[in-house]
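Q: I am new to this structure and would like a close look at one part of it, followed by an account of how that part sits in the rest.

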Amino acid sequence: MRRKFIAGNWKMNKTVPESVQFARDLVSEIETYTHHDILICVPFTALVPVHDVVKGSNVKLGAQNMHYADSGAYTGEISASMLETAGCDYVIIGHSERRQYFGETNEILNKKMLKVVQTALLPIFCVGEVLEQRKAGDTERVVEEQIRTGLQGLSASDLSKVTIAYEPVWAIGTGETATPDQAEEVHKHIRRVIKNLYDENIANTLRIQYGGSVNPSNTVELLQRADIDGALIGGASLKVESFVEMIKIADRL
Ligand code: PGA
């Protein structure tokens with residue numbers, strides 16, 4: 001049985017005081033919801049102060065990106081050990097905004113994945129097609145390529161640390177969600193790809209989140225699908241009330 005996994009991705013939102021306030025409110029609201037995993041991926045500047053608030057609670061802490069090098073002349077970048085010592089449990093790798101706006105290719109993301117599995121951080125590896133690729137019937141091929149290249153060289157035991165987030169780019173921040181059928185179809189495909197690359201057991205234990213305009217009104221129908229194990233939520237994770245609502249929904253399922 002895969003535990004449901006609800007994650008908020010704040011992107012470039014919230015100052016340090018706003019982040020700390022959110023974390024305090026969240027921790028007090030969700031104390032009793034323990035049937036699934038809860039994560040907030042906050043800006044780098046908020047990691048340490050938010051960690052002080054969430055430590056010992058059922059809220060896990062994540063970052064939104066990291067570099068693959070251990071240290072060095074990479075102005076503006078952040079390393080895995082910096083994130084670990086800031087209290088991070090998770091890190092998002094390969095979000096479509098990193099791919100689109102910051103030129104992160106499947107090859108660069110593979111270096112990040114190879115690095116992260118050597119650390120105590122748990123990666124959420126994002127994949128997803130853009131609208132033209134979906135219209136061209138290319139979704140499965142694109143997602144498969146992102147997985148094959150992105151995870152190249154990872155062992156079976158490395159895979160046990162990985163969560164995959166399927167996030168169709170056309171559904172991110174647009175208010176347009178993939179239908180549960182569309183999402184489920186790609187999730188099943190991802191599981192098939194993992195089964196071919198590794199084995200059935202690994203494919204069956206892998207958690208696959210859906211992301212792209214998830215909000216309190218579509219959470220139930222998405223999370224009810226057999227292959228959708230959680231959500232990576234942007235906009236609707238920025239308000240405590242809506243994030244908590246989705247957490248409550250996941251806990252009931
Ligand atoms: P959204 O973002 O929920 O605002 O569409 C999801 C994501 O980018 O992770």
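How many residues surround the ligand, and which are the closest?

A: The model is a predicted one. In it, 13 residues surround the ligand, and the closest are Lys-11, His-95, Glu-167, Gly-173 and Ser-213. Sorted by class, this shell is made of seven polar, four nonpolar and two charged residues.

Several contacts can be described atom by atom. In the side chain of Lys-11, an N or O atom is 2.7 Å from an oxygen atom of the ligand. His-95 also takes part through its side chain, with a polar atom 2.6 Å from an oxygen atom of the ligand. Gly-235 contributes through its backbone: a polar atom there is 2.8 Å from an oxygen atom of the ligand. On its own the ligand has 280 Å² of accessible area, and the protein covers 95% of it.

Ser-213, one of the closest residues, deserves a further remark. It lies in the loop between E7 and H11. Its relative accessibility is 17%, so Ser-213 counts as buried; the limit for that class is under 20%. The phi of Ser-213 is positive, near 55°, although the residue is not glycine. Most residues other than glycine have a negative phi. Lys-14 is another residue with a positive phi, about 85°, and it is not a glycine either. Lys-14 is placed in the loop between strand E1 (5–9) and helix H1 (16–30). With 22% relative accessibility, Lys-14 counts as partly exposed.

Now for the chain around this site. The protein chain has twelve helices and eight strands. Its C-alpha trace spans about 45 × 45 × 35 Å along the principal axes. The radius of gyration is 17 Å, which agrees with the value near 18 Å that a compact globule of 253 residues would have. Of those 253 residues, 54% count as buried.

Strand E7, which precedes the loop of Ser-213, brings in the salt bridges. The structure holds 18 of them. In one, Arg-207 pairs with Asp-37, and the closest N and O atoms are 2.7 Å apart. Arg-207 belongs to strand E7 (residues 207–211) and Asp-37 to strand E2 (residues 37–41), so this pair ties together parts that are 170 residues apart in sequence. Both partners fall in the buried class: Arg-207 has 14% relative accessibility, and Asp-37 has 18%.

A second salt bridge joins Glu-129 and Arg-134, again with 2.7 Å between the closest N and O atoms. Here the partners fall into separate classes. Glu-129 is buried, with a relative accessible area of 0%, whereas Arg-134 is partly exposed at 21%.

A third links the side chains of Arg-191 and Asp-229, at 2.9 Å from N to O. Arg-191 is in helix H9 (residues 180–197), while Asp-229 is in the loop between helix H11 (219–223) and strand E8 (230–233), so the bridge ties together parts that are 38 residues apart in sequence. Arg-191 is buried, with a relative accessible area of 7%. Asp-229 is buried too, at 2%. This pair belongs to a network in which salt bridges with shared partners join Arg-2, Glu-184, Lys-188, Arg-191, Asp-227 and Asp-229.

Two other residues add to the picture of what is covered and what is open. Asn-65 is found in the loop between strand E3 (59–63) and helix H3 (80–85). It is buried, with a relative accessible area of 7%, and its side chain makes a polar contact of 2.7 Å with the side chain of Lys-112. Phe-102 lies in helix H4 (residues 96–102). At 52% relative accessibility, Phe-102 counts as exposed, because that class begins over 50%. The C-alpha atom of Phe-102 is separated by 16 Å from that of Phe-125, a residue 23 positions away along the chain.

To return to the ligand: the protein covers 95% of its accessible area, and its oxygen contacts include the side chains of Lys-11 and His-95 and the backbone of Gly-235.

Technical notes:
Residues are numbered from 1 along each chain as its sequence is written. This is a predicted model: local features need pLDDT of at least 70, side-chain atom pairs count only at pLDDT 80 or more; totals for chains, interfaces and linings use all residues. Side-chain values use heavy atoms; hydrogens and water are left out. A residue is near a molecule or strand if one of its heavy atoms lies within 4 Å of it. A polar contact is a pair of N or O atoms within 3.5 Å; within protein, one must be able to donate a hydrogen and the other to accept it, and residues adjacent in sequence count only if both atoms are side-chain atoms. Accessible areas come from the Shrake-Rupley method with a 1.4 Å probe; for residues, only the protein chains shown count as cover. Ala, Val, Leu, Ile, Met, Phe, Trp, Tyr, Cys and Pro count as nonpolar, Asp, Glu, Lys and Arg as charged, and the others, Gly among them, as polar. A salt bridge is a side-chain nitrogen of Lys or Arg within 4 Å of a carboxyl oxygen of Asp or Glu. Helices (H or I, at least four residues) and strands (E, at least two) are DSSP runs, numbered from the N terminus. Buried means under 20% relative accessible area, exposed over 50%, partly exposed in between (1.4 Å probe, protein chains only). The radius of gyration is taken over C-alpha atoms; the globule rule is 2.2 Å times the number of residues to the power 0.38.
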